[in-house]
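Colleague: Could you please take a close look at one residue and describe its surroundings? Kindly explain each term as you use it.

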Amino acid sequence: GLGPNVGKCKSIPSKIQSLSNIVKIACSHHSAALSRTGELYFWGTSIFGSLYEPKLVMGSDIVDMSIGGCFGIA
(Lines give C-alpha, C1' and ligand atoms only; values in the text may rest on other atoms or scores of the structure.)
Protein backbone atom coordinates (compact mmCIF):
# COMPACT_ATOMS: atom_id res chain seq x y z
CA GLY A 1 0.00 0.00 0.00
CA LEU A 2 1.02 3.54 -0.64
CA GLY A 3 -1.37 5.35 1.65
CA PRO A 4 -5.00 6.40 1.51
CA ASN A 5 -4.44 9.36 -0.83
CA VAL A 6 -2.27 7.52 -3.38
CA GLY A 7 -4.27 4.37 -3.98
CA LYS A 8 -5.09 1.23 -2.08
CA CYS A 9 -2.32 -1.00 -3.39
CA LYS A 10 -0.15 -1.86 -6.35
CA SER A 11 0.67 -5.28 -7.71
CA ILE A 12 4.13 -4.28 -8.97
CA PRO A 13 7.12 -2.83 -7.08
CA SER A 14 7.29 0.96 -7.00
CA LYS A 15 10.29 3.18 -6.33
CA ILE A 16 10.09 5.15 -3.11
CA GLN A 17 11.56 8.51 -4.06
CA SER A 18 12.59 9.46 -0.51
CA LEU A 19 14.99 6.50 -0.17
CA SER A 20 18.50 6.34 -1.64
CA ASN A 21 21.64 4.24 -1.18
CA ILE A 22 19.56 1.31 0.12
CA VAL A 23 21.41 -1.99 0.52
CA LYS A 24 18.69 -4.12 2.15
CA ILE A 25 14.88 -4.13 2.34
CA ALA A 26 12.70 -6.41 4.47
CA CYS A 27 8.88 -6.58 4.34
CA SER A 28 5.95 -8.13 6.20
CA HIS A 29 3.09 -6.23 7.91
CA HIS A 30 5.54 -3.35 7.95
CA SER A 31 8.70 -2.67 5.98
CA ALA A 32 12.24 -1.53 6.70
CA ALA A 33 15.17 -0.39 4.60
CA LEU A 34 18.84 -0.16 5.54
CA SER A 35 21.05 2.39 3.82
CA ARG A 36 24.70 2.02 2.86
CA THR A 37 25.58 4.43 5.70
CA GLY A 38 23.72 2.40 8.37
CA GLU A 39 20.50 4.39 8.59
CA LEU A 40 17.30 2.41 9.27
CA TYR A 41 13.98 3.49 7.74
CA PHE A 42 10.57 2.09 8.71
CA TRP A 43 7.07 2.30 7.22
CA GLY A 44 3.80 0.36 7.10
CA THR A 45 1.39 -0.87 9.76
CA SER A 46 2.40 -1.14 13.42
CA ILE A 47 0.95 -0.85 16.90
CA PHE A 48 1.66 2.87 16.62
CA GLY A 49 -0.51 3.30 13.52
CA SER A 50 0.38 3.43 9.84
CA LEU A 51 3.34 5.22 8.31
CA TYR A 52 2.81 5.76 4.59
CA GLU A 53 6.26 7.21 3.93
CA PRO A 54 9.59 5.81 5.19
CA LYS A 55 10.67 7.38 8.47
CA LEU A 56 14.27 7.42 9.70
CA VAL A 57 14.21 5.61 13.04
CA MET A 58 17.91 4.99 13.70
CA GLY A 59 21.03 6.31 12.12
CA SER A 60 24.60 5.39 11.26
CA ASP A 61 25.29 2.33 13.45
CA ILE A 62 22.99 -0.35 12.00
CA VAL A 63 24.74 -3.19 10.13
CA ASP A 64 21.79 -5.57 9.54
CA MET A 65 18.04 -5.88 10.13
CA SER A 66 15.16 -8.30 9.70
CA ILE A 67 11.36 -8.06 9.76
CA GLY A 68 9.04 -10.78 11.05
CA GLY A 69 5.26 -11.02 11.08
CA CYS A 70 4.80 -8.65 14.01
CA PHE A 71 8.33 -7.55 14.90
CA GLY A 72 11.52 -6.03 13.58
CA ILE A 73 15.09 -6.33 14.77
CA ALA A 74 18.25 -4.37 13.94
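Modeller: Contact here means that heavy atoms lie within 4.5 Å. The model is predicted, and local features need pLDDT of at least 70, side-chain atom pairs count only at pLDDT 80 or more, while totals for chains, interfaces and linings use all residues. Residues are numbered from 1 along each chain as its sequence is written, and side-chain values use heavy atoms, with hydrogens and water left out.

The residue I have chosen is H30, which lies in strand β2 (residues 30-35). A strand is a DSSP run of E with at least two residues, numbered from the N terminus. The protein has 6 strands and 0 helices, a helix being a DSSP run of H or I with at least four residues.

H30 is buried, with a relative accessible area of 8%; buried means under 20% relative accessible area, found with a 1.4 Å probe and protein chains only. Leaving aside neighbours within four places in sequence, H30 is in contact with F42, W43, G44, T45, I67, G68, C70, F71 and G72. Among these partners, F71 has its backbone oxygen 3.4 Å from a polar atom of the H30 side chain.

Another of these partners, I67, leads to the largest nonpolar core, whose 7 residues are A26, A32, L34, L40, I62, M65 and I67. Such a core is a set of buried Ala, Val, Leu, Ile, Met, Phe, Trp, Tyr and Cys residues joined through side-chain atoms within 4.5 Å. Within this core, M65 is in contact with A26, A32, L34 and L40, among others, leaving aside neighbours within four places in sequence. Buried residues make up 27% of the 74 residues in the protein.

Definitions and conventions:
Buried means under 20% relative accessible area, exposed over 50%, partly exposed in between (1.4 Å probe, protein chains only). A polar contact is a pair of N or O atoms within 3.5 Å; within protein, one must be able to donate a hydrogen and the other to accept it, and residues adjacent in sequence count only if both atoms are side-chain atoms.
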